[in-house]
Amino acid sequence: MPTSSFIDCERVYGAHNYEPLPVVLARGEGVTVWDEAGKPYLDMMSAYSAVSHGHCHPKLVAALQAQAAQLNIVSRAFYTNKLGAFLQKACELTGFEQALPMNTGAEAVETAMKAARKWAYTVKGVKQDQAEMIACAGNFHGRTIAIVGMSTEPQYKAGFGPFPPGLKVVPYGDVEALKKAITANTAAFLVEPIQGEGGIIVPPAGYLAACAKLCKENKVLMICDEIQTGLGRTGKLLACQHEAVQPDAIVLGKALGGGILPVSLFLTRKEVMNVFTPGDHGSTFGGNPLAAAVGLAALTVLQDEKLIERAHSQGEYFQTQLKKLHSPLIKEVRGRGLLIGVEINANYPAKKICMKLLNRGILTKETHSTVIRLAPPLIITTEQIDIVVNALQDVLAEAEKE
Ligand SMILES: *Cc1c(COP(=O)(O)O)cnc(C)c1O
């Protein structure tokens, strides 16, 4: 079939809630994906960080295949011989006491919001239905109605109201604003250690630590959304560890599924997790043995292959090379580890740069119309980084002439 017919078929039978680049992918291995005609591309998106281990990691594929032939879905009506070990590994790695498994990131965030509200009523003593949640301007926590109710991106909300009450927004990176927003009814402060979808925004140094202190003083749960920044992406296991912050709770997703399955977790201490009693909350697929086997393997590979250290060293190299580009079209190069944003001057559309990169065999997508995201699998080699930087240099030179 010609490329256009795959695209046409998706467009005819699929909802138009995405606008994909015109490439039809058929295979992946490591940092490389191939289109259905066999042309290779270097993947600088890694599915918004879900593919940190690289495409089709052999150990993860093996874990998937072995478990798929054993037992896959039984629901949480029964115990399995896989879930406990996965949760134990996740808790031991991150330093939390207990974990609640879901599938997508948005579900884990919703779980965190439910836990925080119920904790506010049952532990903190907030009056019924008065609990408040504070999030940050520019946040991205997923797409459910409650979550987009906290979004400051007009398109994410338009036409989807009304939204649940009790959701507040403060500017990102502003401790004083958070201080002012906290009341006796505040259950939780939900924050991304680095805003990913918001444009790879790194908050001022000391921000997370100051927020953690403020939350503690006011008996507010600090919940870090590490769905995109966690599991090594920024050069630490968790991005909040750059400021030595251990929040009250975190949510993990994306790379937790090893680039193979949707696997997410809400992790916290017992005092908070205890608010959930049988029947309060659940998920048919959450914690299924297939997901648990792949999740456990994903965490094991992360450690065994030193992917966190790799993200740190390769990220430093990538950013150093990008900063040498000196194109008048580049406004800023920023990020941490292998979560990198190249901000393009607003008068040239970043999307056009992405199209030109696509033609040169580099896959990425702009975020917020001016930022080019460079967030490859953590296994990327120095040679592959050089290829991307050279391609970007050529593309920028071409764009400058237009
Ligand atoms: C992607 C993302 C989510 C949502 O995850 P889904 O699996 O798409 O529901 C939530 N928070 C952050 C920070 C994310 O990057």
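**A polar pair, a ligand shell and some unusual backbone geometry**

The side chains of glutamate 343 and arginine 334 are joined by a polar contact of 2.6 Å; such a contact is a pair of N or O atoms within 3.5 Å, where within protein one must be able to donate a hydrogen and the other to accept it, and residues adjacent in sequence count only if both atoms are side-chain atoms. The model is a predicted one, in which local features need pLDDT of at least 70 and side-chain atom pairs count only at pLDDT 80 or more, while totals for chains, interfaces and linings use all residues. Residues are numbered from 1 along each chain as its sequence is written, and side-chain values use heavy atoms, with hydrogens and water left out. Glutamate 343 belongs to strand 12, residues 339–344 (strands are DSSP runs of E with at least two residues, helices are runs of H or I with at least four, and both are numbered from the N terminus). With a relative accessible area of 14%, glutamate 343 is buried (buried means under 20%, exposed over 50%, and partly exposed in between, with a 1.4 Å probe and protein chains only).

Attention can now turn to the ligand. Its surroundings consist of Thr104, Gly105, Ala106, Phe140, His141, Gly142, Glu192, Asp225, Ile227, Gln228 and Lys254, where a residue counts as near if one of its heavy atoms lies within 4 Å of the molecule. This shell divides into three nonpolar, five polar and three charged residues (Ala, Val, Leu, Ile, Met, Phe, Trp, Tyr, Cys and Pro count as nonpolar, Asp, Glu, Lys and Arg as charged, and the others, Gly among them, as polar). The backbone of alanine 106 places an N or O atom 2.8 Å from a ligand oxygen, and an N or O atom in the side chain of glutamine 228 is likewise 2.8 Å from an oxygen atom of the ligand. A nitrogen atom of the ligand lies 3.3 Å from a backbone N or O atom of phenylalanine 140. Taken alone, the ligand exposes 380 Å², of which the protein buries 81% (areas follow the Shrake-Rupley method with a 1.4 Å probe, and for residues only the protein chains shown count as cover).

Glycine 142, one of the residues around the ligand, sits in the loop between strand 5 (132–136) and helix 6 (145–148). Its relative accessible area is 10%, so glycine 142 is buried. From glycine 142 to leucine 221 the C-alpha distance is 20 Å, with their positions 79 residues apart in sequence.

The backbone also deserves a look. Most residues other than glycine have a negative phi, and most peptide bonds are trans. The peptide bond from glycine 161 to proline 162, however, is cis, with omega near 0 degrees. Proline 162 is part of the loop between helix 7 (154–157) and strand 6 (167–170). Two residues with positive phi can be described together. Isoleucine 200, not a glycine, has a phi of about 55 degrees and is located in the loop between strand 7 (186–191) and helix 9 (207–217). Lysine 219, also a residue other than glycine, has a phi near 55 degrees and occupies the loop between helix 9 and strand 8 (221–225). Isoleucine 200 is buried, at a relative accessible area of 0%, whereas lysine 219 is partly exposed at 41%.

Some further positions round out the picture. Alanine 116 lies in helix 5, residues 105–124, and is buried at 0% relative accessibility. Its C-alpha atom is separated by 32 Å from that of glycine 341, 225 residues apart along the chain. Leucine 252, in strand 9 (residues 249–252), is buried as well, at 1% relative accessibility. Between leucine 252 and glutamate 226, which are 26 residues apart along the chain, the C-alpha separation is 5.4 Å. Lysine 89 is carried by helix 4, residues 83–94, and counts as partly exposed at 22% relative accessibility. Lysine 89 and alanine 50 stand 39 residues apart in sequence, with 19 Å from C-alpha to C-alpha.
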